[in-house]
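Here are some short exercises to help you find your way around a new structure. Try each task by eye before reading its solution.

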Amino acid sequence: MKELAVYDTTAMLRTTIDGMRGIAIRALRRMYLPNRKMFCWCIRRGVEGDRVEGESRRYTAITLTGLAAQQNNVDEQIFTDATSHDVCGRLLSDVDEVTNMGDVSLTLWAAGMLGHGEAKKALNRLRTLDPVNGQHPTVEVAWALTAMSIAPEVVSDTRLADAIAERLLNSYSEKASLFPHWPKGAAPSGLRAHVTCFADWVYPVQALSHYHRLTGNARAIETARAAAKRMCNELQGPAGQWWWHFDART
């Protein structure tokens, strides 16, 4: 009888992840803009070669959250003249001028994870933009809740976190087990209000999970689990894919 090869799936997965991680580090090194202490919007391939385009406060903050979670410091592999802490300080230096709540929330998230001493600048700006009653999409409200829940030892406002969580929970559709693109009280477009997207599912589930870990709120984790079950058990395609848009009513 021919012997079957036995594969160590854990080792194979680890190898794959390490390879992807290496690609990410090399790409981020190319995308960093030393003169701005920011990351670019994208690298565009052209007939004359690759070139960086624009700069993105949002992508810079997202990069910092990823770097903050690394077990080994990889700053020296990406930055030539700075550290993650320095780049975060760049974002915080003018955060009080930022009008997009998503960018402010991601900055607060990164500052919390990095333990930045000026993280409260982003928290104060977040309060001003009013995540509880303002006209902000669900994704940005979810980012705000995660930012408030991820590092309470750095930034903490229990009352605000509770109110943001309540807004997300009250927007959840139990019939569809989905979140709308705009939370209750913020639907500037009637044509778009019921059309939810994949991101409108991912980030509230993530935010409510972090909030539950912080507070033990049972409703938060029950809602997160129900939404995750709906998407993973019922709405995933046969090839493992998800569609981008869904009807939040059904």
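**Exercise 1. Find the helix that holds S105, decide whether S105 is buried or exposed, and list its contacts from farther along the chain.**

Step 1: S105 sits in helix α5, residues 101-114; helices here are DSSP runs of H or I with at least four residues, strands are runs of E with at least two, and both are numbered from the N terminus.

Step 2: S105 is buried because its relative accessible area is 0%. Buried means under 20%, exposed means over 50%, and partly exposed lies in between, with a 1.4 Å probe and protein chains only.

Step 3: Setting aside neighbours within four places in sequence, S105 touches L126, E140, W143, A144 and A147. Contact means heavy atoms within 4.5 Å.

A word on the source: this is a predicted model, in which local features need pLDDT of at least 70 and side-chain atom pairs count only at pLDDT 80 or more, while totals for chains, interfaces and linings use all residues. Residues are numbered from 1 along each chain as its sequence is written, and side-chain values use heavy atoms, with hydrogens and water left out.

**Exercise 2. Place S84 in its helix and name what surrounds it.**

Step 1: Helix α4 holds S84.

Step 2: S84 counts as buried because its relative accessibility is 4%.

Step 3: Beyond its neighbours within four places in sequence, S84 is in contact with L64, L67, D75, F79 and L114.

Step 4: For a sense of distance, look from S84 to C40: the two are 44 residues apart in sequence, and their C-alpha atoms are 15 Å apart in space.

**Exercise 3. Describe how α2 and α4 cross.**

Step 1: The axes of α2 (residues 57-68) and α4 (residues 84-93) come within 10 Å and cross at roughly 150°. Axes are lines fitted to C-alpha atoms, for helices over the stretch in contact, and angles run from 0 to 180 degrees between N-to-C directions.

Step 2: The crossing is left-handed, that is, the near helix is turned anticlockwise from the far one by less than a right angle.

Step 3: On the α2 side, R57, T60, A61, L64 and L67 take part, and they meet S84, V87, C88, R90 and L91 of α4.

**Exercise 4. How many salt bridges does the whole structure have, and which parts do R58 and R127 link?**

Step 1: The search finds 16 salt bridges, each a side-chain nitrogen of Lys or Arg within 4 Å of a carboxyl oxygen of Asp or Glu.

Step 2: R58 and E140 form one of them, at 3.7 Å from N to O. This pair links distant parts of the chain, with R58 in α2 and E140 in α7 (residues 138-149), 82 residues apart. R58 is partly exposed at 23%, whereas E140 is buried at 10%.

Step 3: R127 bridges to D157, the closest N and O atoms being 3.0 Å apart. R127 belongs to helix α6 (residues 119-129) and D157 to the loop between α7 and α8 (158-171), so the pair ties together parts 30 residues apart in sequence. R127 is partly exposed at 37% relative accessibility, while D157 counts as buried at 19%.

Step 4: Salt bridges with shared partners also join R30, R45 and D50 into one network.
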